[in-house]
2 protein chains.
Amino acid sequence: MEIQLDCLPCFMRQVLDASRMATDQLEIQKAIIIDTAKLIQNYEEYKYSPSVGREMHCIVKRHTGVSDPYKDVKARNIKTALSIYPSLKHFLFKKKDRLYWALKIAATGNIIDSAIYNDIDVESQVEKELDSEFAVCDLERFEKLLKDCKTLLIIGDNAGETVFDRVLIEDFLCLNIIYAVRSEPIINDATAEDVCASDFNRSIKVLSSGCNAPGTIIEECSSEFLEIYNNADIVISKGQGNYEAMSEQKREIFFLLKAKCPIVADRLGVHVGDYVLKSNKYGE
Amino acid sequence: MEIQLDCLPCFMRQVLDASRMATDQLEIQKAIIIDTAKLIQNYEEYKYSPSVGREMHCIVKRHTGVSDPYKDVKARNIKTALSIYPSLKHFLFKKKDRLYWALKIAATGNIIDSAIYNDIDVESQVEKELDSEFAVCDLERFEKLLKDCKTLLIIGDNAGETVFDRVLIEDFLCLNIIYAVRSEPIINDATAEDVCASDFNRSIKVLSSGCNAPGTIIEECSSEFLEIYNNADIVISKGQGNYEAMSEQKREIFFLLKAKCPIVADRLGVHVGDYVLKSNKYGE
């Protein structure tokens, strides 16, 4: 989806948060915001929201010399998620409609980044949101494809959310599963290192998409990733950034996320805060 | 208080809202945001937040030719406030600590502009918030000055909030009351015309401050206003914009407002959402 004007002040807010994680020096923070404002003037040069996001976070890196301002936040979120992991498994164990709730657990993990910005306690938030149902759920279509599925590609989103995805993945271990991540640290998005810290089963192939934006821009992905992406029986895309980059892709993708902003919610036809499993092809 | 980095994305958000009120044309909205980003690059040239605010809203006026994008919103808010007015009077009538609650009613009127941005129903919001107490209330100091007070200057904030101020003013009609407003339309701030539409008692002198920023910048005010400002026995300043422009003034001012953003709340030592009657001199 194309960049909306509403995204621009939101980007600036995010960059300010990132600059404060990377440095305490006000003068550097000011220089970052001024460069961000310069970038916003040329936002129309960018096709996708994640491309602008990447450029903005590059400004933070350039001014502070900190290549991964979210490193500590990511480690903390993975740790918290690992501590919740047994209760997630227990939650799923009690459910009859196991696939639905495994997907819902993975979607609930998508609250991790809101937690960073809104000073929310992840544990209590998960507890509150785990039991809420999907607002849109193309489960029937998903189940149909799952019958003949051999290869499942999951395109990950945030570090910590990875542990929630693990719960979903562990129900699919009979399949050939590929879990794709960013090629390098960007915001709090998961890299291969973060997945490793999330204790994934060794049978799961963890792969860099080749793209270092906070959303998988297909044109920028590696040929190895594209080979899998084009031939996987099912592709699950996690989070808003991936949705923003891939919502108009031709191949069928299941977008699994929590709608966190009015722009994405509106595009998905849901309310802010709603959970969604939505195929870009189903019902067309 | 000086401009904080947090204000910049917030300004951009406000300008986007204003541009959408002034025009439906996306290309014009884009041009406004691009010019706003240019302005943000030079934000350090401005001393006060309301000075930047004014410049930004000038961009909207320049691109759209609409001199008062909030005209309809202001008229609607005054109408709503007038419809609530009898219930405000009744609320006050039942209270024992009449001065405290008259001040609290005027402070509650300060929610009017949040309502614009957050799609809140003013009536139900007022009902919910009217009964909540001040978090900081320098009432003792206010009462002390009131004993010998002959001239009271109130520096107004938003259109509609004016009607809430009327309830406070009507308890002071034995005094010489001056109600100061912006010199021309800016955002949803009250002008003389808006006060007129709010049915003020004729004995109240309504005066333009001479300043057209969304916060009264004393250096820009008319000599007529300054004469009253310097000699009034009590000055009440309504809202965040006036606080941002006048918090470091030498004369004693009672700031009467709802803290709507973390920056102002922090400066006042309260939480976001708290109501405040605070003298800049008391307790020093």
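In the predicted model, Leu256(A) of strand S6 stands opposite Leu277(A) in S7(A). These two strands, S6(A) and S7 (residues 275–279) of chain A, pair in the antiparallel sense, and five bridges join them.

S6(A) also pairs with strand S5 (residues 234–238) of chain A, here in the parallel sense and over three bridges. Within this pairing, Ser237(A) has Phe255(A) of S6(A) as its bridge partner. The connection from S5(A) to S6(A) runs through helix H12 (residues 239–246) of chain A, forming a right-handed β-α-β crossover.

Strand S6 (residues 254–258) of chain A is largely enclosed by the rest of the structure, because five of its five residues are buried. The burial extends to both faces of S6(A): Phe254(A), Leu256(A) and Lys258(A) are buried on one side, and Phe255(A) and Leu257(A) on the other.

In chain B, two loop residues were examined for their backbone angles. Most residues other than glycine have a negative phi. Ile187(B), by contrast, has a positive phi, near 45°. This residue lies in the loop between strand S3 (176–181) and helix H10 (192–197) of chain B. With 26 other C-beta atoms within 10 Å, Ile187(B) is buried, because the cut-off for a buried residue is 20 or more.

A positive phi, near 60°, is also found at Asp199(B), likewise a residue other than glycine. Asp199(B) belongs to the loop between H10 and strand S4 (205–208) of chain B. Asp199(B) has 12 other C-beta atoms within 10 Å and is therefore exposed, the cut-off for exposure being 12 or fewer.

Key: Residues numbered from 1 in each chain as written. Chains lettered and ligands numbered in written order. Predicted model: local features only at pLDDT ≥ 70, side-chain atom pairs only at ≥ 80, totals over all residues. Helix = DSSP H or I, 4+ residues; strand = E, 2+ residues; numbered from the N terminus. Pairing = 2+ DSSP bridges. Right-handed = clockwise from strand over helix to strand, strands pointing away.
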